[in-house]
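Me: I'm new to this one and would like a close look at a single part, the place where two of the chains meet. Could you walk me through it, and then fill in the rest of the picture?

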Amino acid sequence: MGGNAWRVLRPLLSRLGQAGLVALLVGCIGFALMHALPGDQAFRLAAERYGPDIVDARAAAAMRAELGLDRPLALQLLEWLGRVVRLDLGRSLVTGEPVIQELRVQLGYTALLAGMALPLSALIGLPLGIAAGLWRGRWPDHAVLSLAVLLRAVPAYALGLALMVLLSVRLRWLPPGGFEGWAELVLPSLTLALGLAAVSSRVARESVAAVAASPVLAFARWKGLSERDAVRRHGLRNAAIPVLAVLGLQLIGLVEGILIVETLFGWPGIGHALVHAIFARDVPLVQGTALIMGLGVVLLNAAVDLACLLIDPRRGRQAA
Amino acid sequence: MRRRRLPALAAACLAPALRPVAAQAATGTGAGAVDERVLRIVAPIEIGGLDPARSGFIFTRMGVVETLLAADAEGRPVPALAERWSVDAAGLEWRFTLRPGLRFHDGSAVTPGAAVASLRRALADATALARAPVATLDVAGRDVVIRLARPFSILPAVLANYGSGILAPASYDAAGHVQAVIGTGPYRVLSITAPMRLEVERFDLWWGPRPEISRAIYLVAGQGEARAAMAESGQADLVFGLHPATMARLRRNPALEVRAVAIPRSRILKLNLASPFFDSLAERQALDLAIDRQGIATALLRNPSLAATQLLPPMTGDWHLADLPPAERDLPRARALLASAGWTPGPDGILRDRQGRRFRVVLTTYSTWPELPAIATALQAQFREIGVDVDVSIGNTSDIPRLHRDVTLELGLMSRNYALVPDPLGTILTDFAPQGSDWGAMHWTDPQLAAALARLEGATAPEERRALTQRASAILHEQRPVIPIAWSELAVAIGRRVGHVAIDPFETSYRLQDMRWREP
Amino acid sequence: MSGHVRLRDLTVQAADGTPLVAGLSLAAGPGTPLVLLGETGSGKSLVLQAIMGALPPHLRRTGEVVLDGQPLPEGRARRGLWGRRIALLPQEPWLALDPTMRALAQVAEVYRLVRGMPAPRSRAEAEQRLRDLGIEEAARLYPFQLSGGMAQRLALAVLRATDAPLLLADEPTKGLDAARRDEAALRLRDEAGRGRTVIAVTHDIGVARILGGHLAVMLEGRILEQGPSERLLRDPAQDYTRRLIAAEPSQWPTQWRAPSIAPPRPAGEAVVEGRRLGKRFQDRAVLREVDIAVGRGEVVAVLGPSGCGKTTLGDLLLGLLPPSQGEVRRAAGLAPWRFQKLYQDPPSAFAPHQSMRDALRHLGRRHGLAPTLFEGLRDRLRLPPALLDRRPAELSGGELQRFALLRALALDPVFLFADEPTSRLDPITQQEVALLLRGLVSERNLGLLLVTHDAMLAQRMADRVFTIEAARLLPAGRAG
């Protein structure tokens, strides 16, 4: 049993190491990018803090002095790293609030959005993909392929707008913005889910098509199992393994989608916070947001790893 | 309840934001039939924080925070927390008498001491008040006493600015950070989900008449299309910040009223008067004559009446010069003026001076206001016709102040708000101060303007003020240290449910307390 | 137990009407296996698929399949017989077993879902089936943890659970090494011995010999001759059958001067030599303390079952893998491309969309070779010029392997590592390629390292034969 525990622990430990690396890289890259952007940081911060109408060189100078922005960059970065080691993300340069506190609320909203979009994308993409895989080469396959190509080709921003116009303005079924109830959650998560489903349906289709043509399913039929039993007991799990693995890769797409969808729908999540922090040159907030996003991706990947371990016995086991 | 709330997870993450509300709930609203209707306001500007110096305008607009004095629709000071005020003959000592029985939202009494404490914080931050010549702040009985170092006639306007809002002492934590917005206004904070949402409810201990709207939500939608969709779907009662292009569409929607209110904001061209291109009045006049304001206002802003014939729009009263002839585009005169300043067209059609230097300048602008880059490219084409070659550089709001400091700015296209305090003098004083200003003149001084403004700071007699104001505007118009392009309007989509909506051109308040539901 | 099968005038046609199986009439009954022997493309697998009712949809079947006096139903209804009256042992069972399900469950589900027994009894029956086949210890293992032989026994256990009277076996020994092959064939004979009707399809005469029963030799969709296995293999009437039998390595002319125990070193100077070689993959030692040398003009064979490390040894000598211990020495002063490898699976060694002419032209340009050189080699390898314009998919395995050989020889190699060069080829082709290779070694004085699992092939081709056991290289005695 000890071997089995190691089988689970090993990928988790490697993910943990990855998390540390992500933290370091994201922090440093975020810092470097923020300082590479054109525009004066103190002016941008002051504009964000006091509004662009009232900002002037005096406010910027005060800001620079208050936040120590004229200290050497290397020193500022080292300070940030030192704090991260102590699990302190610092304070937002705009609001002065601790970054962790700013992100706590936003993270919850993003988790809600992602938590809704991921199952929704599975609910849309997997059945379509499975249907396409089972009837490969026939009209459901072609229809699902066209739909997937269309959804992939349309940028999330345009897709969101189209859904907004159709479902909110024309049909009045759903509110186009806000974040007060389940109704407001539907449009952004649907936008996000459709983009993800476009990919997952293709993966599910390929996977199901491969399994449908595999000797495993053929043997299950030759054994005398009914089609239903053969697919249920031998088809689904084998088809799910590559789908799950790709799902892990898709999480990157989820991050990208979240940035766009949150901005469009005014969803107060972490992606929205990142976009704003970048505009404001709020370096600690950018670093903190990117860090949390990076860790989130690593965490979800670890969850995917675990799920793969559960359904795929070949993972981490020695062949005889 | 109208809609189901997000349970469990959302509640858990909202908990930190809700905590101050729980503390405030103790003093809750009165009994009686509860009106379930919630007024929803959608706007593009995010809630940047709780401090009045920062996102204070949202809290004053939503009727949460009040100032000692307010402004009426013409920008004149009116009583708010202070029921009356007076100034001594020298114009140095101002007394503001608080209304009796005022309460903060947490139930505590509003004392002159608390007001002075809030004003002291404003003085220490980057607020309008910090630019006033305040010497001391004191309490005398029910009065707040402000002593000035020199006469400053627009102090009442400065006090009406959101940065001078009065918060309860309990609003601040030990370090002096604002941890909850406990104001005095007709509405108190129910919940804040920074930076996107503020929910308020009626405060029953407010000094004024009981408002009809009992609850309201301020919701941020950054994307113009999303805001328009929220108006069209009936999800919002008031939507601010409509793009010109969507206004026409919304106007056709029978369920909406679209109202555009002129506001004291202008799109202007800032010029570096120390540069060889703009150092003579003839050059500035030539540029002015080359601009097709009517075309820009019609095509880009969809409202020809926004073409700015002078710096300040008609709604600014005395600051607007009534008898100016309309600004017509006149290219031959512009060319003649440039020729008189020594500029002659080169073989490529671009002007050159006697040293052979090409008339080539960089126009810096930013995209915070989506119409600015479009106007910049229109100007580029129009200036090309008189042989001026313009490169457009689009950045962010910090570029113009930064280039001003670097002294490398040549042309800057910007949108300037002249109602930071409800009297334009507040902004004019800084923008056209002799040393120049980030958002105003650059390398330009005019002794007559300086004298007029200095006298305006102290003058109190209305006739004298009117004459000085007109004089100052006339100088700005003649000398053109900045070139006005177009005025602005505040466009609002108003839903069918709500009536008695008054749009404040100075944007100090949404006047929620005056609104009514159309159906009782 | 019943299970009498008759095929009456069975014909399978391609969509364009080309007959792939033409007018086949055969009969089989319990206890006597029916073996269909033939090369790839002879249509023998299509016969099995036609009996199953699992032909690809674009193929058309006529004729009749009669089981116990009843013509088998057509179309979907045929499927109702699967696992009840007809069972099929898949090719390469380790690929057909569900990789995500433990062995016992794969047997038990037949009792549970096909035969409707309650769960505890299904498990008990399944355990009994595993015991019958001697793999009870595999009950909790997954297919990838089983050896090829165990996987085949597990598949047989599944089919025994179905209790279907007719057992079809499609190339039951594909992918197994010689020893496992014989075991597998014996087990299949046992199935027949238990009163089942077994119909097996194979290209391996050894398997046909072990299975016995009734043998039908197929060529191009027709039965060339048929009769009792023993008589037909001893005394074939047809020339093709005779060539097929002669192509079995055990029937080849005996190899010259092969001593009883291989000497450790070549007689002359070594072109490649490995000293105290060791190789580990992660925690597993694949090779330990291996000393090997290959001289010019000799064939050194390394024998061993799949996964024993023989391919690794060849790759170490070529420098395709770095050794974990020890060192490799190649004859000094020679360009690296004069040490060549011949792959097991010829299609994978060619770019799929490139014609042979293009492939050779690229090679010639890169190494500055004269076109006449290719012509000479092509004649020697008996590759007609018409084949040059074909792409890999349009060539047979034997032709492709000869092109691979041509490509290697063009670079004038001094050492050739042939990794199971004939294991994917039909017997007659295998013999051709093997004898060609052997002849080239003497002709061109090159050293050949042959890696194979076929002991007989090794004996017939090599000067010195070694085996790999427990990661060590040992000299092999002459097999009897």
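Reply: Let's start right at the meeting place. Chain A and chain C bury about 2,400 Å² between them, and carbon and sulfur atoms give 61% of that area. If you wonder why area is the thing to quote, the size of an interface is often given as the accessible area lost when the parts come together. Keep in mind throughout that this is a predicted model.

Who takes part? Chain A brings 24 residues to the contact, while chain C brings 30. On the chain A side, three residues are worth finding on your screen: Phe219(A), Trp222(A) and Lys223(A). Together they supply 32% of what chain A buries against chain C, and no other three residues supply more.

Now over to chain B, to fill in the picture. Chain B holds 14 helices and 20 strands. Its radius of gyration is 25 Å, and the globule rule gives 24 Å for 520 residues, so chain B is as compact as a globular protein of that length. Follow the C-alpha trace along its principal axes and you get a span of about 80 × 55 × 40 Å.

What about the inside of chain B? Of its 520 residues, 58% are buried. Count the contacts in chain B with a separation of 6 or more, and 69% of them join residues 24 or more positions apart.

On the outside, chain B has an accessible surface of about 20,000 Å², with 54% of it belonging to carbon and sulfur atoms. As for charge, chain B carries 58 positive and 53 negative side chains, and the centres of these two sets are 4 Å apart.

Two spots in the backbone of chain B deserve a peek as well. Most residues other than glycine have a negative phi. Val407(B) goes the other way, with a positive phi near 65 degrees. You'll find Val407(B) in the loop that links α11 (399-406) to β17 (411-417). With a relative accessible area of 44%, Val407(B) counts as partly exposed.

His443(B) is the other spot: not a glycine, yet its phi is positive at about 55 degrees. Look for His443(B) in the loop between α12 (425-431) and α13 (447-458) of chain B. His443(B) is partly exposed too, because its relative accessible area of 45% falls between the 20% limit for buried and the 50% limit for exposed.

Methods. Residues are numbered from 1 along each chain as its sequence is written. Chains are lettered from A and ligands numbered from 1 in the order in which they are written. This is a predicted model: local features need pLDDT of at least 70, side-chain atom pairs count only at pLDDT 80 or more; totals for chains, interfaces and linings use all residues. Side-chain values use heavy atoms; hydrogens and water are left out. Helices (H or I, at least four residues) and strands (E, at least two) are DSSP runs, numbered from the N terminus. The radius of gyration is taken over C-alpha atoms; the globule rule is 2.2 Å times the number of residues to the power 0.38. Buried means under 20% relative accessible area, exposed over 50%, partly exposed in between (1.4 Å probe, protein chains only). Contact means heavy atoms within 4.5 Å. Accessible areas come from the Shrake-Rupley method with a 1.4 Å probe; for residues, only the protein chains shown count as cover. Lys and Arg count as positive and Asp and Glu as negative; His and the chain ends are not counted. The place of a charge is taken as NZ of Lys, CZ of Arg, CG of Asp or CD of Glu. Buried area is the accessible area (1.4 Å probe) that two parts lose on being put together, summed over both.
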